[in-house]
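Student: I'd like a close look at one part of this protein, the biggest open space in it. Could you walk me through that pocket and what surrounds it?

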Amino acid sequence: MVAINIILNYILIFGALGIPAQGISGAAIASVISEAVAVIHFIIYTQKNINPCRYGFKKRITVDCTILKKILSISIWMMLQHGLVFGSWFVFFITIEHFGERSLAITNIVRNISSFLFLFVQAFASVVSSLVGNLIGEDKSNSILYVCKKVIFLCYITILPIIILFVLFPSYILRIYSDNAALVFEAIPTLKVMLTSYLIAVPTFVFFSVVSGIGHAVASLSIAFISLFIYIMYVEAIGHFSSSVPLLWTSEHVYFSCVFILSLYHIHHWRMNLYQSRQKINH
């Protein structure tokens, strides 16, 4: 999907192979086509590699309102959670925009680099969510924290070399996104602030995924809401008293710290309740 998106972006945005340049509209078209290709790939792969009878693909498709209600009872909170996250980024960029065009350019570059690192963290966190569900299904909830520690360790040894490389050679990394020497020089402090936030982000997203993995969607939304509220208040305060881009990026540390603390508290509370329930059953 990504490969096709990149190729189509080049063809449709700038114009190539006889196709006229379409600018930002071309980017939108490329995204839609690449998503459609991904769906087709999933369908073909499923037909070739998955037993259709085992998973009920040959049955007549009907709408089961009971199952749909159960799915929505969890997914609606997740949708609201992701909506809040996108909304907070909107506030962040609006604040940056008031700092000036140069500050916005720096933030866009650093944000792109951050997205690259986030791929690794999100991948490990998603694995944790799946493993937690499996452990609960196997009645091995006592192993959840052990799994979390292992995944955090694996995530750190994956991204720390990348972070160290970026810290040692920041100008080379930034030049991938801009050939403006002054802009690259000004972006280095912001890049380093962003990189340090990932030291907190790793355990944060792992433990936050545990909350989702145990099916506590409302708790997950509550954690995100409280953390984002504090995050937005912090961004607004920095934007009011300062115009420092690196200082504003410390809002990532604030957000990750809030999510980390609240997630740990909820997991601890859940484990205590689980332990007490088992004690009552044993008695």
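Tutor: Let's start with a term: pLDDT is the predictor's confidence in each residue, on a scale from 0 to 100. You need it here because this is a predicted model, and where pLDDT is low, the predicted coordinates should not be read in detail. For this chain the mean pLDDT is 84, and 96% of the residues reach 70 or more. Helix H5 (residues 144-168) has the highest mean among the elements, at 91, while helix H3 (residues 65-99) has the lowest, at 78. Keep H3 in mind, as H3 turns up again in the pocket.

Now the setting. The chain has ten helices and zero strands, so from the N terminus on you just read α ten times over. Its C-alpha trace spans about 70 × 50 × 35 Å along the principal axes. Of the 283 residues, 35% count as buried. If you take contacts between residues at least 6 apart in sequence, 73% of them join residues at least 24 apart.

On to your pocket. The largest pocket holds about 910 Å³ of space. Its lining is made of 29 residues, and the ones nearest the centre are His82, Val85, Phe118, Gln122 and Phe205. Which helices supply the lining with at least two residues each? They are H3, H4 (101-137), H7 (181-213), H8 (217-241) and H10 (251-282). H4 gives the most, with eleven residues. As for chemistry, the lining divides into 16 nonpolar, eleven polar and two charged residues.

There's a closed space to look at too. The count comes to one cavity of 30 Å³ or more, and the largest cavity has a volume of about 30 Å³. Thr204, Phe205, Phe208, Tyr255, Phe256 and Val259 line that cavity. H7 and H10 are the elements that give two or more residues to its lining. By class, the cavity lining has five nonpolar residues, one polar and no charged ones. Did you spot Phe205? Phe205 is one of the residues nearest the centre of the pocket, and Phe205 also lines the cavity.

H8, one of the helices in the pocket lining, is also where you'll find Phe241. Is Phe241 buried or exposed? Its relative accessible area is 72%, so Phe241 counts as exposed, the cut-off being over 50%. Between the C-alpha atoms of Phe241 and Leu160, which sit 81 residues apart along the chain, the separation is 33 Å.

For contrast, step away from the pocket to the start of the chain. Leu17 is in the loop between H1 and H2. With 76% relative accessibility, Leu17 counts as exposed, because exposed means over 50%. Its C-alpha is 41 Å from that of Leu168, and the two are 151 residues apart in sequence.

After that loop comes helix H2 (residues 24-49), which lets you do a neat check. At 1.5 Å a residue, its 26 residues should span 38 Å, and the end C-alpha atoms are 37 Å apart, so the two values agree. The buried residues of H2 are Gly26, Ala27, Ala30, Ser34 and Ala38. What do they pack against? Their partner is helix H1 (2-15). One general point helps with a list like that: an α-helix has 3.6 residues a turn, so residues three or four places apart point the same way.

Methods: Residues are numbered from 1 along each chain as its sequence is written. This is a predicted model: local features need pLDDT of at least 70, side-chain atom pairs count only at pLDDT 80 or more; totals for chains, interfaces and linings use all residues. Side-chain values use heavy atoms; hydrogens and water are left out. Helices (H or I, at least four residues) and strands (E, at least two) are DSSP runs, numbered from the N terminus. The expected span of a helix is 1.5 Å times one less than its number of residues. Buried means under 20% relative accessible area, exposed over 50%, partly exposed in between (1.4 Å probe, protein chains only). Contact means heavy atoms within 4.5 Å. On a 1 Å grid over the protein atoms alone, a cavity is a set of points where a 1.4 Å probe fits but cannot get out, and a pocket is an open set with protein on both sides within 12 Å along at least five of seven lines; lining residues have an atom within 4 Å of a point. Grid points are joined across faces, edges and corners, and a volume is the space filled by probe spheres set on the points. Ala, Val, Leu, Ile, Met, Phe, Trp, Tyr, Cys and Pro count as nonpolar, Asp, Glu, Lys and Arg as charged, and the others, Gly among them, as polar.
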